[in-house]
Amino acid sequence: MSIENNITTLRDELREHNYNYYVLDNPSISDFEFDMKLKELQALEAQNPEFYDPSSPTIRVGGVVTKSFDTIVHEHRMYSLDNSYSKEDLEDWEKRIQRNLGDAPVSYTCELKYDGASISITYENGKLVRAVTRGDGFQGDAVTTNIKTIKSVPLQLKGDYPAKFDIRGEIVLPFDGFQKMNEERAANGEEPYMNPRNTASGSLKLQDSSAVAQRPLECLLYSIVGNNIGIASQYEMLEKAREWGFKVPTVAKLCHSTAAVMEFVEEWDVARHQLPYETDGVVVKVNSLQHQDELGFTAKAPRWAMAYKFKAEQVFTVLNEITYQVGRTGAITPVANLEPVLLAGTTVKRASLHNADQIAKLDIREGDTVFVEKGGEIIPKIIGIDDTKRPADSKETKYSTECPECHTPLERAEGDAKHYCPNEYGCPPQITGRIQHFISRKAMDIEGLGGETVELLFKEGLIKDYADLYDLTKAQILPLERMAEKSADNLIKGVGESVAIPFERVMFALGIRFVGETVAKKLAKAYKNINAMAVATKEELVAVDEIGERIAESVVAFFSNEKNQNTIERLKEKGVQFSLSVEKLESQTDILKGKTLVVSGVFELVSRDQLKKLIEDNGGKVGSSISSKTSYLVAGDKMGPSKRTKAENLNVPIITEQEFLGMV
Ligand code: AMP
Ligand code: ZN
């Protein structure tokens, strides 16, 4: 390839990736790969100034390219919210709360649910020290310099603020600013951005903070977390934050019943259309922080908060064709290819049809006029058809009988909603999908290798499974298209370093069907090493907390497969972690095995989360409410009197924090 060609191709590619990343917020390569390509291009341009082009992607970045953002572990986890869609949902939630809190009167703070990108900003002694994206809730990216450019985010607080706290909020792009940005783009002959939310979240990851500064972003704050912040309720929190100089929307109401909450919802379902930014619901929060503390969290969300989602927008369009997609586990997803239609600010071309039952239930056919709905994050779905518009020659949909990629007949297990392509080791998207999953950030987190390169390596016959990654040599990969010396080195280095990834993540990386991050952790903890897990029977697996039959069967099937056994052997030889680390093992015991402990109140020596972790690390289970099955109630300060009475009535031993720590 000539140098000029090389430069042009790189420019085109980077432009495309820029578009995917910034406009669609849907990157197809890793930031690292992108950086490598950009650097390669910069170097080529510097050496060959005769090919200077004022529209090269290197120019829009400016002089300095920021390296990737640092990953920061959240001191306090960033949770999701549970959703409700009706008055009944809300009333059920209230009942659950009352069951936990006894008959204490409960009030609620209602706020709008802003539709943007969540952010956690840390202040120390009144100064902004760090801003981190939500990421997976446990850790996110430090985007401090970018956040500092948002004019409404105070860099120095005023008034009487706590020495250290995190404040949570949502970065949004108001409609008018968004429109202005798009007008400018149109004037420059560029593609318009799709919607404010993706543009706001894309902005946070812009590498050039001066570009972020030009975007009219807003940061709306709604919650303060920290120790000893001296605040008693959610409503007070909003008031305090305003005092300290934060932008806290004034649309918030203290309600003393769910009926009053419903009034707020109904009012704002209409009034929200006058707001300058997007909202997609109301967040209802139990007002008293002490109540919040009593209620605690589920694995994903606070029990004391609920998002009431506004009814999603819906439109009609024509379904042109049903196609099928194969995922990494072989699961087939039917896809509706639609006549493009504007919905909730985005152009929708495709929608998921979920599975064969869903198609049959709604009798969805090609050529039908379908009703498409989109709410928040979710990919659009088809919720019905207009049968008056059905063409006369319409034919009932026959679900595909073979894999669209490898033509193997599809299978469907009893009770499973999905069809699968059983050709696990011969079906290309399954092979590459499995390897892509293996290298992904939450799995082996292999730097220097991205999804595209995996496909290329597979196409070139260099890898057939993830163990092959560890056999790759520089000499093999260097001749590959656009593989520079440095990127080859980085790939080999990234693979090599991944052997340090802890066992629980390796378990997730293996890509066993139904074994997600949480299940992988449970399994790793229960079996401590892969040899023990590999010989576990279905019955033994089911006995592990939270492991159901479906997962157990899948694990047994995985380990009984000879191919997988070989792959694991090869990974072992390469030094991949197949047992819990010594530190992990040391901090774990079986002392609380079979015991369920309920934690309630405020603690002095350790935080509530640490207490829960200690219970789990010592083999116990954390219960959410007191019952006859509760082994101990660990009682802190300010525990609700109703809990104490209940424990006493059921003869549940009540122990103090010190007594508990003594036990473990
Ligand atoms: P979800 O991502 O649907 O689980 O919803 C949780 C997210 O809602 C949080 O991470 C916040 O970013 C966002 N959110 C928007 N407005 C609020 C609000 N007023 N209170 C709490 N969370 C909010
Ligand atoms: Zn297949």
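The axes of helix H4, residues 87-101, and helix H10, residues 258-271, come within 10 Å and cross at roughly 145 degrees. Helices here are DSSP runs of H or I with at least four residues, strands are runs of E with at least two, and both are numbered from the N terminus. Axes are lines fitted to C-alpha atoms, for helices over the stretch in contact, and angles run from 0 to 180 degrees between N-to-C directions. The crossing of H4 past H10 is right-handed; by definition, a crossing is right-handed if the near helix is turned clockwise from the far one by less than a right angle, and left-handed if anticlockwise. Where the two helices meet, H4 contributes Lys87, Leu90, Glu91 and Glu94, while H10 contributes Thr258, Val261 and Met262. Contact, throughout this talk, means heavy atoms within 4.5 Å.

Please keep in mind that this is a predicted model, in which local features need pLDDT of at least 70 and side-chain atom pairs count only at pLDDT 80 or more, whereas totals for chains, interfaces and linings use all residues. Residues are numbered from 1 along each chain as its sequence is written, chains are lettered from A and ligands numbered from 1 in the order in which they are written, and side-chain values use heavy atoms, with hydrogens and water left out.

I turn now to the sheets. In general, strands of a sheet pair through backbone hydrogen bonds, either parallel or antiparallel. Two strands are taken as paired if DSSP finds at least two bridges between them. An open sheet of 4 strands has the order E5-E4-E7-E8, with antiparallel pairing. At its edges are strand E5 (127-133) and strand E8 (218-225), each of which pairs on one side only. On average, and ignoring direction, neighbouring strands of this sheet are turned by 30 degrees against each other. Helix H9, residues 234-243, packs on the sheet and touches E7 and E8; the direction of H9 makes about 130 degrees with that of E8. Within the sheet, strand E4 (residues 117-124) pairs with strand E7 (residues 164-172) through 8 antiparallel bridges. Which residue of E7 is the bridge partner of Ser120? That partner is Arg168.

Further along the chain, strand E12 (residues 313-326) takes part in two pairings that I should like to show. With strand E15 (residues 369-374), E12 runs antiparallel and is joined by 6 bridges; there, Val318 has Thr369 as its bridge partner. With strand E13 (residues 332-343), E12 pairs over 7 bridges, again in the antiparallel sense, and Glu321 is matched with Asn337 of E13. The hairpin of E12 and E13 has 5 residues between the strands, and Gly330 takes a positive phi near 90 degrees in it.

Next, the domains. The assignment, whose bounds come from an automatic or database source, gives domain 1 (3-61), domain 2 (102-257 + 276-288), domain 3 (428-500), domain 4 (503-585) and domain 5 (596-663). The centres of domain 3 and domain 4, taken over C-alpha atoms, are separated by 23 Å. Their contact takes 16 residues from domain 3 and 15 residues from domain 4.

What lies between these two domains? The largest nonpolar core lies there, because domain 3 and domain 4 both give residues to it. A nonpolar core is a set of buried Ala, Val, Leu, Ile, Met, Phe, Trp, Tyr and Cys residues joined through side-chain atoms within 4.5 Å. Buried means under 20% relative accessible area, exposed means over 50%, and partly exposed is in between, with a 1.4 Å probe and protein chains only. This core has 54 residues, and those with the most contacts inside it are Phe438, Leu469, Met507 and Leu523. Leaving out residues up to four places away in sequence, Leu523 touches seven residues' worth of surroundings that include Met507, Val515 and Leu541. Another core, of 37 residues, lies apart from it and has Val153, Leu206, Phe246 and Val248 among its members.

I close with three single residues. Thr432 lies in helix H13 and is buried, with a relative accessible area of 6%. Beyond residues up to four places away in sequence, Thr432 touches Val454, Glu455 and Phe458.

Is Ser600, in strand E17 (residues 596-600), buried or exposed? Ser600 counts as buried because its relative accessibility is 0%. Its C-alpha atom is separated by 7.4 Å from that of Leu633, 33 residues apart along the chain. Apart from neighbours within four places in sequence, the contacts of Ser600 include Glu294, Arg608, Leu633 and Lys643.

Gln139, by contrast, lies in strand E6 (residues 139-141) and is partly exposed, at a relative accessible area of 29%. With neighbours within four places in sequence set aside, Gln139 is in contact with Thr71, Ile72, Val73, His74 and Arg134.
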